[in-house]
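Subject: Structure for you to look over, with notes

Dear colleague,

I am passing on the structure we spoke about, and I would be glad if you could read the notes below with it open beside you.

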Amino acid sequence: HLKKRQWNKNIKKDIDPLQLWDIVSELGDGAFGRVYKAQNKETQVFAALKQVAINNEEDLEDFSVEINILADCVHPNVVGLHEAFYFDGKLWMFLEFCGGGALDSIMVDLEKPLTEDQIRYVCHEMCVALDFLHRHHVIHRDIKAGNVLVTMEGDVKLADFGVSAKNSQTHQKRDTFIGTPYWMAPEVILCETLKDTPYDFKADIWSLGITMIEFAQIEPPNKDMHPMRVLIKIHKSEPPALDQPSKWCHPFIRDYRDKTAILDLICEAKADVIET
Ligand SMILES: COc1ccc(Nc2ncnc(-c3cccnc3Nc3cc(NC(=O)c4cccc(C(F)(F)F)c4)ccc3C)n2)cc1
């Protein structure tokens, strides 16, 4: 007889989430799939809500992995999971809402890169997040500014919209190529293309470096190049560098505790929105 499917302890069943949460508005212009801003009726706390239609066991497996990672990896620099429900054939994921949004959108909205002080602070917070994830044997695999969220209090939280969104929208088959190439470490490309050399957590550190260049220049290196050509270039070239290295001071992560720089950025970004 079939072993009873071990139900995911992090997912609440047979409870209508809308009895506990109000949907406030749509998040992003559908860029992330169906993601909403929600508010808890009792605590008034805000959440980012993603609803995903679960059509089969495979989908449930995929998203259970994500929920287990989020439930196990509780850290101030990793986006937190409030709760998850399976209701009406859909998986409902409520995550802590970060009011500042993602850093790539902030740079695009303000039409300027981050300052050195902002980069220094964000870099330190991302190193702390990655150290935590790697100690929990989680390799992020898609580190980029678009996966770095900031709160109105100036906290920096690592998220990952790519994989799950990709699965939920395109129902990508497991063995197809995953992740945007610009930030990919050479060994990841090798693994993704040759499917044999296993890569390890150090791939996230390469992508962190590419993300620092992205913070400094708004775009990662090779952004204007066709993705396929980037794969070859990353593989055969030396690691990329800043366009103007002399512009940046070198003793980099030292007095990183300075939150004010990132708070200024968020105020600018929010002021920018209020003005428009
Ligand atoms: C456009 O303006 C805004 C304004 C505020 C926000 N704030 C915000 N705060 C929190 N989450 C989100 C979010 C936006 C779009 C899509 N998903 C979001 N969060 C989210 C993330 C996840 N999953 C992860 O972040 C995740 C998945 C696997 C691993 C990991 C990690 F390795 F980082 F732990 C993280 C699942 C479900 C949701 C709703 N968005 C976003 C856009």
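The notes that follow deal with the ligand and its surroundings, and then with the aromatic side chains.

Please bear in mind throughout that this is a predicted model, and that the distances and angles quoted here are computed from it.

I began with the ligand, which has 23 residues around it, and among these Glu66, Leu95, Glu96, Cys98 and Asp160 come nearest. Three polar contacts seem worth checking by eye. The side chain of glutamate 66 places an N or O atom 2.7 Å from a nitrogen atom of the ligand, while at cysteine 98 it is a polar backbone atom that lies 2.9 Å from a ligand nitrogen. At aspartate 160 the backbone is again involved, with an N or O atom 2.9 Å from an oxygen atom of the ligand. The ligand taken alone exposes 820 Å², and 90% of that area is buried by the protein.

As for where the shell around the ligand comes from, strand 4 (46–53), helix 1 (57–72) and strand 6 (90–96) each supply at least two of its residues, and strand 6 gives the most, with 3. By residue type, the shell consists of 16 nonpolar, 3 polar and 4 charged residues.

Turning to the aromatic side chains, a search of the whole structure finds 4 aromatic pairs. One of them joins tryptophan 21 and phenylalanine 94 in a stacked arrangement, with 4.6 Å from centre to centre and 20° between the planes. Since tryptophan 21 lies in strand 2 (residues 21–26) and phenylalanine 94 in strand 6, this pair ties together parts that are 73 residues apart in sequence. Phenylalanine 94 also pairs with phenylalanine 85, and here the ring centres are 5.6 Å apart and the planes stand at 85°, so the pair is edge-to-face. Trp21, Phe85 and Phe94 thus belong to one aromatic cluster; tryptophan 21 and phenylalanine 94 are both buried, and phenylalanine 85 is buried as well.

Finally, there are two places where a lysine lies over the face of a ring. Lysine 12 sits over phenylalanine 85, a member of the cluster just described, at 5.6 Å from the ring centre, and lysine 37 sits over the face of phenylalanine 46, at 4.5 Å from the centre of that ring.

With best wishes

Note on methods: Residues are numbered from 1 along each chain as its sequence is written. This is a predicted model: local features need pLDDT of at least 70, side-chain atom pairs count only at pLDDT 80 or more; totals for chains, interfaces and linings use all residues. Side-chain values use heavy atoms; hydrogens and water are left out. A residue is near a molecule or strand if one of its heavy atoms lies within 4 Å of it. A polar contact is a pair of N or O atoms within 3.5 Å; within protein, one must be able to donate a hydrogen and the other to accept it, and residues adjacent in sequence count only if both atoms are side-chain atoms. Accessible areas come from the Shrake-Rupley method with a 1.4 Å probe; for residues, only the protein chains shown count as cover. Helices (H or I, at least four residues) and strands (E, at least two) are DSSP runs, numbered from the N terminus. Ala, Val, Leu, Ile, Met, Phe, Trp, Tyr, Cys and Pro count as nonpolar, Asp, Glu, Lys and Arg as charged, and the others, Gly among them, as polar. Rings of Phe, Tyr and Trp (its six-membered ring) pair if their centres lie within 6.5 Å; planes under 30 degrees apart count as stacked, over 60 as edge-to-face and the rest as tilted. Buried means under 20% relative accessible area, exposed over 50%, partly exposed in between (1.4 Å probe, protein chains only). A charge sits over a ring if NZ of Lys or CZ of Arg is within 6 Å of the ring centre and within 35 degrees of the ring normal.
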